[in-house]
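Here is a brisk tour of one protein model, from sheets to metal site to charged pairs. Keep the structure open while you read.

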Amino acid sequence: MATKTASKKTDLSHTRGNGYEGLKPSDARKLDELCRAYIAFLSVSKTEREAHDEAVRLLQARGFKDLEALIAAGTRLAAGDKVYRSCAGKTLAAAVIGRKPLERGLQVIGGHIDSPRIDVKQNPLYESGEMALLDTHYYGGIKHYQWVALPLALHGVFIKPDGRKIPIRVGEDPGDPVFCITDLLPHLAQDQMKKTMSDGIPGEGLDVVAGSVPCADKKRKERIKYRVLELLKEKYGLSESDFLSAELEFVPAGPAREAGFDRSMILAYGQDDKACAFPAIQALLDLPGTPEYTAAVLLCDKEEIGSLGATGMQSNFFENTVGEMVNLSGGTYSELTLKRALGASWMISADVNVLHDPLYPGVSELKNAALLNGGAVVTKFTGARGKSGANDANAEFVAEIRRIFDAAGVVYQSAELGKVDQGGGGTIAGYMARYGMNVIDCGVGVLSMHAPWELSGKLDVYMTYKGYLAFLKDARGGKK
Ligand code: MN
Ligand code: MN
């Protein structure tokens, strides 16, 4: 619903429009600027570790201080202070301390920075058919067939038993080699083509070709595999056992790109959920002055595999971080103060939604489907088949979001994820709502979600940013 641009006041109907209609020149300029920064972010932030590090770099450049150092020194926090805290280099919380005490609640935007991909196993390297291959175990909900026969880059880290971290990033620079998973030629694929799309390429079959030249020592067994080990030794000082303590991710190779004759879209890997994570962090960076309520952004890991683990949203990291901020914010820390701070918080669960796809019209119910250029997607409930598993935002809170977005001139639309019986999905919303805080899902609609290359609209990314900024600034009806 393009609420500000739609119909006259006398028209009772609720109409939706293309956000480019009536877009102000000032918004058009900011849209270009934001999307240039977003494209740059996507290209250097393909993994959760990289997105975390890039976000920290951006935060530090704007004067955000590491909360760990403030905790260690017992430095008091005051209104206007800017802090961030990392969890294992994969999850990140950042905040600008507001004028009101923390127990009055925070304005939180939480997204995730992990994306579906192909992870390398701990015992991966083998030789077969005059090739060295790496065995993999995919991460997140992928359609296997989409990940074959395209250039892949290897991103990740090896950690040595003495603690040394050896980063690896191969396949992104123009001079780098790339990797790939092979597919069967159509000529010999009669049996494969009769299988269902989920069975045609098994998960265990997603192995990556890594080399084909034998080592010089003719007495060795598996000389091609050994040559790869020699190269890993020469370049990185590694041996085969170092794969045991490595986190290596194959992701589509190459940078994010503008898409379409009019350059109105972005084609890139990992837009679920950097299409929301980037606008969230940018909104926090752009927050003018000191907000009434403490403004916080949370970028999580492990969302695509259930939000478990110390770096997932189901851990106590965010709660503990708010606890530390309460402790440093004057007064005495108590569990009750922390519970009040969390319970009184408002949160946007910042995750992507699905756009109506004209090639697959059967899965969406058009009145309640997100449309490209329809702006930020507000999703009252997620879940599947009877709203099962949904965090269903209270109508009262949806009304607050309308108030905030309308006042800021944000183009937004209300949408569900697909037809009622078609399936569904979940986000981190429910894990935060259990503190008793108001939580609603709001983010960017994408096409080809979870595919190697996902498509988004620039206007939707911009309007999501604009909505997030207005939300972080909001004084909840009080005077600013
Ligand atoms: Mn997501
Ligand atoms: Mn996802």
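In what sense do strand β7 and β8 pair, and over how many bridges? They pair in the antiparallel sense, over six bridges. Strand β7 covers residues 152-159. Within this pairing, Gly156 stands opposite Ile168 in β8. Note that this is a predicted model.

## Two open sheets

The β7 and β8 strands belong to an open sheet of six strands. Its order is β8-β7-β10-β5-β6-β9, and the pairing is antiparallel. The edges are β8 (165-170) and β9 (208-211), each of which pairs on one side only. From one strand to the next, the twist averages 30 degrees. Helix α5 (residues 223-236) packs on this sheet. The helix touches β5 (117-128), β6 (131-139), β8 and β9. Its direction makes about 125 degrees with that of β5.

A further open sheet has five strands, in the order β11-β12-β22-β21-β15. Here the pairing is mixed. β11 (257-259) and β15 (353-354) stand at the edges with a single partner strand each, so one side of each has no neighbour in the sheet. Strand β12 (residues 265-268) and β22 run antiparallel and are joined by four bridges. Ile266 stands opposite Ser456 in β22.

Two helices pack on the five-stranded sheet. Helix α6 (residues 271-285) touches β12 and β22, and its direction makes about 30 degrees with that of β22. Helix α11 touches β11, β12 and β22, and its direction makes about 65 degrees with that of β22.

## Nonpolar cores

Which residues have the most contacts inside the largest nonpolar core? They are Leu284 and Ile348, in a core of 65 residues. Helix α11 (residues 458-473) gives the most to this core, with 10 residues. Another core, of 34 residues, lies apart from it. Among its members are Ala132, Leu154, Leu229 and Leu232.

Ile348 has partners from several parts of the sequence. Leaving out residues up to four places away, it touches Val108, Ile109, Gly110, Ile401, Phe405, Ile440, Cys442, Tyr468 and Phe471.

## The manganese site

Which residues supply the protein donors of the manganese ion (ligand 2)? Asp272 (OD), Glu304 (OE, listed twice) and His450 (NE2) do, at 2.0 to 2.5 Å from the ion. In sequence, the donor residues are spaced D-x31-E-x145-H. Glu304 and His450 link distant parts of the chain, 146 residues apart. Glu304 sits in the loop between β13 (294-300) and α7 (317-328). His450 sits in the loop between β21 (445-447) and β22 (454-457).

Are these two donors buried or exposed? Glu304 counts as buried because its relative accessibility is 13%, and His450 counts as buried at 17%. The cut-off for buried is under 20%.

Asp272 has a further role at the site. It bridges the manganese ion (ligand 2) and the manganese ion (ligand 1), which lie 3.4 Å apart.

## Salt bridges

The count of salt bridges comes to 31. Three of them are listed here with the closest N and O distance.

| Pair | N to O distance |
|---|---|
| Arg99 and Glu292 | 3.4 Å |
| Glu204 and Lys121 | 2.7 Å |
| Arg403 and Glu400 | 2.9 Å |

The Arg99 and Glu292 pair links parts of the chain 193 residues apart. Arg99 lies in the loop between β3 (91-96) and β4 (106-112), and Glu292 in the loop between α6 and β13. Arg99 counts as exposed, at 54% relative accessibility. Glu292 counts as buried, at 12%.

Glu204 lies in the loop between α4 (190-194) and β9, and Lys121 in strand β5, so this pair ties together parts 83 residues apart in sequence. Lys121 counts as partly exposed, at 24% relative accessibility.

How are Arg403 and Glu400 placed in helix α9? They are three residues apart in this helix (residues 395-408), so about one helical turn separates them. Arg403 counts as partly exposed, at 32% relative accessibility. Glu400 is partly exposed too, with a relative accessible area of 26%.

Finally, a network of salt bridges links Glu48, Arg117, Asp119 and Glu249.

Key
Residues are numbered from 1 along each chain as its sequence is written. Chains are lettered from A and ligands numbered from 1 in the order in which they are written. This is a predicted model: local features need pLDDT of at least 70, side-chain atom pairs count only at pLDDT 80 or more; totals for chains, interfaces and linings use all residues. Side-chain values use heavy atoms; hydrogens and water are left out. Donors are N, O and S atoms within 2.8 Å of the metal (3.2 Å for Na, K and Ca); water is not among the atoms, so sites may look incomplete. Buried means under 20% relative accessible area, exposed over 50%, partly exposed in between (1.4 Å probe, protein chains only). A nonpolar core is a set of buried Ala, Val, Leu, Ile, Met, Phe, Trp, Tyr and Cys residues joined through side-chain atoms within 4.5 Å. Contact means heavy atoms within 4.5 Å. Two strands pair if DSSP finds at least two bridges between them. Axes are lines fitted to C-alpha atoms, for helices over the stretch in contact, and angles run from 0 to 180 degrees between N-to-C directions. A salt bridge is a side-chain nitrogen of Lys or Arg within 4 Å of a carboxyl oxygen of Asp or Glu.
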